Amino acid sequence: MLSYWTGVATLTGIYLIATLGVSILVGFTGLFSLGHAGFMAIGAYGTALAVKMLHLPFYAAILVGILASMLAGALIGKATLRLKGDYFVIATLAIGECTKLLIENIPSITGGARGLADIPRKTNFFVVWTILVIVVVLLHRFLNAKHGRGCVAVREEELAAKSIGIDTTRTKMLSLLISCALCGMAGGLLAGYMGYLYPIMFTMAKSNELTMTVILGGAGSLTGTILAGLVLIPLPEYLRIESAEEWRMVLYGVLVVIVVVFKPSGLMGNKEFTVSGLLRRLKKWFSKEKRNGEKGAGERG
Amino acid sequence: MSCAASLSVEHLTKQFGGVVALNDVTFEVKPGEIHGLIGPNGAGKTTLFNLITGIYRPTEGDLKLNGQSLVGKESHEAANMGIARTFQNIRLFGELSVYQNLITACQKHLSYSLLDGFLRTAKYRQQEREIAELTERTLKQIGLWDLREQMAGNLPYGQQRRVEIARALVTDPQLLLLDEPAAGMNEEETGKLSEFIRSIQEQYPVTILIIDHHMDVIMSICDRITVFNFGSLLAEGTPEEIQTNEAVIEAYLGSE
Ligand SMILES: Nc1ncnc2c1ncn2[C@@H]1O[C@H](COP(=O)(O)OP(=O)(O)O)[C@@H](O)[C@H]1O
Ligand SMILES: [Mg+2]
């Protein structure tokens, strides 16, 4: 039982690393993606093949996976980030689908639809969560430095970002590469944790989940992404429904509608969760309650 | 601190398809002056700003900042050469606080690398401290310090204009372009704005090129004025000269 929940926590950690990558791109830079599971797939298969074919040690192999994912990102970024319009989104969609098709259609290397098995299992809960914590710290630092602020400026108002000297194309590329690196790493960790890979682990539905978790958590909030991820990623496990995976998309759809209706900026908006912020909120809420109470009393009197 | 720049506009032409937005325009903006740019709607004033800031490329002609050509420069390159601007329809980082708007605009002063940011090296800390001081100083000078926590997009119109100007100023510009800063303001507000712009010029070594339709603002703060009409240069001179210029009076009366 314990090992079952450790497994859930480990997978949650892995997907959270990928979601944080998407958060930088979608939430902080304002570039929409519909295909980041593709970058996870590249990272996962890159890592697995580097172990199995090149006989690299696992952590060197993960580096190969990360670099492969970043290379794919650099290619679509170079081709589309300079252009106005939705070319970039379409390119992410394409990379997601093409990666999956490619994996399915070269079975001699990737095992095709039947999957790739016997990958040495070299990760565990502690490794994943240690990496996760380091990633969160680094991203927090990134966002409070020059380059991260540039990303937010691009999201907020691209022309104004240019007018204060930000090279917006470069900034978008950097953001894309960070998201690819993190998704690639999450893919590599997934390979090293599961010990096997199937192309259906990296469907478009998975891509949508990554992006939707970011939006539900609040675009532009790292803590929002983390909170949303901690709740949503392991959700099918809590619910313990046989067909939870299939219902997951329905649930995400419903959640998105609820959020759009009641809180269009997502759970946290673009604010970060802090204890002092929470206390301030509570204080405000209580004082409002009290005022309402007094008003009620006054009316009675 | 940088010093005020000169700008020369030389035989500048810009066409959008069949529309000639600017037609063979030539004039000079001298270092340190406040230079007004007026003319009826559609005269090509904003187009000139967009050409100076690299948003558009000229069809013909040249633009020079301190003698160095601006043609072919990207927007961010023009900004890094010392040109800052505001927009006719305000473009703030709306969901960020006033403070964040300014600190974001300080990126030109930061030379540390991505890695310095990740590792929070001494260089990172030193430069971040400097821009925090610069932001604080600027906000205090401009009287926005008390509003620093406010979300920029939620401020009243007049304050948003000030934030946009403050954001341009922290980039330490040599040439500041203001596109209709008084638009939508009442008489009292325009009076304050005039004072504000003059105080900028006293506090910062910067050349200012300002577009506006409020003649009280333009006439009271500008050293010299250039008048456009249908993409061409109509007149040039001091406020007194422009006020008595026959062609200008006709263009303005004729257009009304
Ligand atoms: N991006 C554009 N595409 C096509 N026409 C444009 C564009 N920008 C400006 N124009 C045209 O150029 C002319 C000058 O516009 P503009 O510079 O905005 O005038 P002003 O700022 O003096 O009111 C107008 O006729 C306008 O329609
Ligand atoms: Mg205009």
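Contact means heavy atoms within 4.5 Å. The model is predicted: local features need pLDDT of at least 70, side-chain atom pairs count only at pLDDT 80 or more, and totals for chains, interfaces and linings use all residues. Residues are numbered from 1 along each chain as its sequence is written, and side-chain values use heavy atoms, without hydrogens and water.

**Exercise 1.** Determine how α6(A) and α11(A) are oriented and which residues join them.

*Solution.*
1. The axes of α6 (residues 125-143) and α11 (residues 222-232) of chain A come within 11 Å and cross at roughly 155°. Axes are lines fitted to C-alpha atoms over the stretch in contact, with angles from 0 to 180 degrees between N-to-C directions.
2. The two helices are therefore roughly antiparallel, a term for angles over 145 degrees.
3. From α6(A), Trp129(A), Val136(A), Leu139(A), His140(A) and Leu143(A) meet Leu222(A), Ile226(A) and Leu230(A) of α11(A).
4. By class, this contact has 7 nonpolar, 1 polar and no charged residues. Nonpolar covers Ala, Val, Leu, Ile, Met, Phe, Trp, Tyr, Cys and Pro; charged covers Asp, Glu, Lys and Arg; the others, Gly among them, are polar.

**Exercise 2.** Describe the surroundings of ligand 1.

*Solution.*
1. Residues around ligand 1 (a heavy atom within 4 Å) include Phe16(B), Asn41(B), Lys45(B) and Tyr56(B).
2. An oxygen atom of ligand 1 lies 2.7 Å from a side-chain N or O atom of Thr46(B), and one lies 2.5 Å from a polar side-chain atom of Thr47(B).
3. The shell divides into 5 nonpolar, 5 polar and 1 charged residues.
4. With 3 residues, α1(B) gives the most to this shell.

Conventions: Chains lettered and ligands numbered in written order. Helix = DSSP H or I, 4+ residues; strand = E, 2+ residues; numbered from the N terminus. Parallel < 35°, antiparallel > 145°, perpendicular 65-115°, else oblique. Polar contact = N/O pair within 3.5 Å; in protein donor to acceptor, adjacent residues only side chain to side chain.
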